[in-house]
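Here are a few exercises to work through with the model open beside you. Try each one yourself before reading its solution.

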Amino acid sequence: MRLLMKAPAKINLTLDVLGKRADGYHEVEMVMTTIDLADRIELEKREDGQIIIISHSRFVPDDQRNLAFQAAKLLKEKFNIKQGVTIAIDKTIPVAAGLAGGSSDAAATLRGLNILWELHLSMDQLAEIGSEIGSDVSFCVYGGTGLARGRGEKITKLSAPPNCWVILAKPSIGVSTADIYRNVNLEKIHHPNTEAMVNAIQNHQYDEVCRHLGNSLEKVTLEMYPEVLHIKEQMQKFGADAVLMSGSGPTVFGLVQHDSRLQRIYNGLRGFCHQVFAVRMLGE
Ligand SMILES: C[C@@](CO)(OP(=O)(O)O)[C@H](O)COP(=O)(O)OP(=O)(O)OC[C@H]1O[C@@H](n2ccc(N)nc2=O)[C@H](O)[C@@H]1O
Ligand SMILES: Nc1ncnc2c1ncn2[C@@H]1O[C@H](COP(=O)(O)OP(=O)(O)O)[C@@H](O)[C@H]1O
């Protein structure tokens, strides 16, 4: 039996770093939403018990370092599953980009294997298991829009943000999330207003969503990688309604409501940036 799963990317509408914890992680508060930019994961049962990753992207590991492999291994061990699985990853989401591509592949694998291996686990149980793989995996299990707390694994569902386009531009560098968190100076970072963002979403106020976009990690990444700042400035210049870096970066996204402006911004960015996407948010 084969199963095809969609693994969508996320963007951070807000990302606030509240402090550093004793376990080395940072306490965060983030509003995240999934977008219509997705990897495709094909799962096929194996009777020999092996977990095999097939990936044609040179940036994606095809061994135990792959987060989808880790998801399958965790389920197999926890529930004493004798069967194996072949996981074919068709990569569209840029890697090490702040878009949670690996986490979403892991989440899609958890959801898919729940069906394929007939585990009958709830979304909450899958999200809890996912948190053992990475901080963003729990959110990716649910998808849609959510407020994430703790180290990112405690999720409260939110309603869909107001309808708009999301333009993404990924410079040709990859960023290590651990590096960016390591360079955070808690005294100097900007704190977004998470509550105002949550209210803007619940009240369907597009202008307020734009006004309250904010990311505590942005300054850290912009200082380390000036090309990210350049992309941000260009996106603002071409007329996006609001612009922010997603997660630890380096992808920058802009929100745009009018179709007429979308083409102009897209064309302008394509002039100097290789990876540019214009997509919709997936909503709830
Ligand atoms: C920054 C964010 C925002 O959504 O996403 P990305 O930019 O990676 O997409 C997340 O917090 C990333 O989540 P994720 O990529 O799953 O991180 P993990 O694998 O759990 O952790 C990687 C490393 O980042 C640091 N880390 C991560 C999460 C957190 N709350 N505090 C941390 O300090 C730790 O050093 C950890 O070893
Ligand atoms: N399925 C996967 N897809 C992409 N990257 C993966 C995957 N599994 C493991 N990785 C590793 O995870 C790292 C972070 O990748 P990714 O999840 O794309 O970035 P981010 O955490 O910035 O959203 C990469 O350097 C890559 O080697």
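**Exercise 1. Find where His 120 sits, and say what stands out in its backbone.**

Solution. Begin with the location: His 120 is in the loop that runs between helix 2 and helix 3. Next, check its backbone torsion in this predicted model. The phi of His 120 is positive, about 55 degrees, although the residue is not a glycine. For context, a negative phi is what most residues other than glycine have.

**Exercise 2. Describe how helix 2 and helix 3 pack.**

Solution. First take the geometry: the axes of helix 2 and helix 3 (residues 123-130) are 10 Å apart, and the packing angle is about 135 degrees. Then classify the angle. Angles over 145 degrees count as roughly antiparallel and those from 65 to 115 as roughly perpendicular, so helix 2 is oblique to helix 3. Last comes the handedness, and the crossing of helix 2 and helix 3 is right-handed.

**Exercise 3. Work out which parts of the chain form the shell around ligand 2.**

Solution. Start with the residues: ligand 2 is surrounded by 20 residues, and the closest are Asn 66, Leu 67, Gly 101, Gly 102 and Asp 105. Now move up to elements: helix 1 (67-78) and helix 2 (101-116) each give two or more residues to this shell. Helix 2 supplies the largest share, four residues. By class, the shell around ligand 2 has ten nonpolar, eight polar and two charged residues. Finally, look at domains: domain 1 (2-158) and domain 2 (165-280) each contribute at least three residues to the shell around ligand 2.

**Exercise 4. Place ligand 1 relative to the two domains.**

Solution. There are 19 residues around ligand 1, and those that come nearest are Gly 134, Ser 135, Asp 136, Gly 247 and Ser 248. Strand 1 (2-20), strand 2 (26-46) and helix 5 (177-182) are the elements giving two or more residues to this shell. Its make-up is seven nonpolar, ten polar and two charged residues. Both domain 1 (2-158) and domain 2 (165-280) give residues to the shell, so ligand 1 lies between them.

**Exercise 5. Locate the cis peptide bond that involves Pro 250.**

Solution. The bond joins Gly 249 and Pro 250, and its omega is about 5 degrees. Pro 250 belongs to the loop between strand 9 (242-245) and strand 10 (252-256). As background, most peptide bonds are trans.

**Exercise 6. Describe the two spans that UniProt annotates as GHMP kinase domains.**

Solution. Take the N-terminal annotation to begin with: an unreviewed UniProt entry places "GHMP kinase N-terminal" at residues 66-144. That span is 53% helix and 9% strand, with its end C-alpha atoms 24 Å apart. Then turn to "GHMP kinase C-terminal", which UniProt (unreviewed entry) assigns to residues 198-273. Here the span is 57% helix and 14% strand, and the end C-alpha atoms lie 32 Å apart.

Definitions and conventions. Residues are numbered from 1 along each chain as its sequence is written. Chains are lettered from A and ligands numbered from 1 in the order in which they are written. This is a predicted model: local features need pLDDT of at least 70, side-chain atom pairs count only at pLDDT 80 or more; totals for chains, interfaces and linings use all residues. UniProt positions are given in the numbering used here, feature names are shortened, and annotations may be inferred rather than shown by experiment. A residue is near a molecule or strand if its C-beta atom, placed from the backbone, lies within 6 Å of it. Ala, Val, Leu, Ile, Met, Phe, Trp, Tyr, Cys and Pro count as nonpolar, Asp, Glu, Lys and Arg as charged, and the others, Gly among them, as polar. Domain bounds come from an automatic or database domain assignment. Axes are lines fitted to C-alpha atoms, for helices over the stretch in contact, and angles run from 0 to 180 degrees between N-to-C directions. Angles under 35 degrees count as roughly parallel, over 145 as roughly antiparallel, 65 to 115 as roughly perpendicular and the rest as oblique. A crossing is left-handed if the near helix is turned anticlockwise from the far one by less than a right angle, and right-handed if clockwise.
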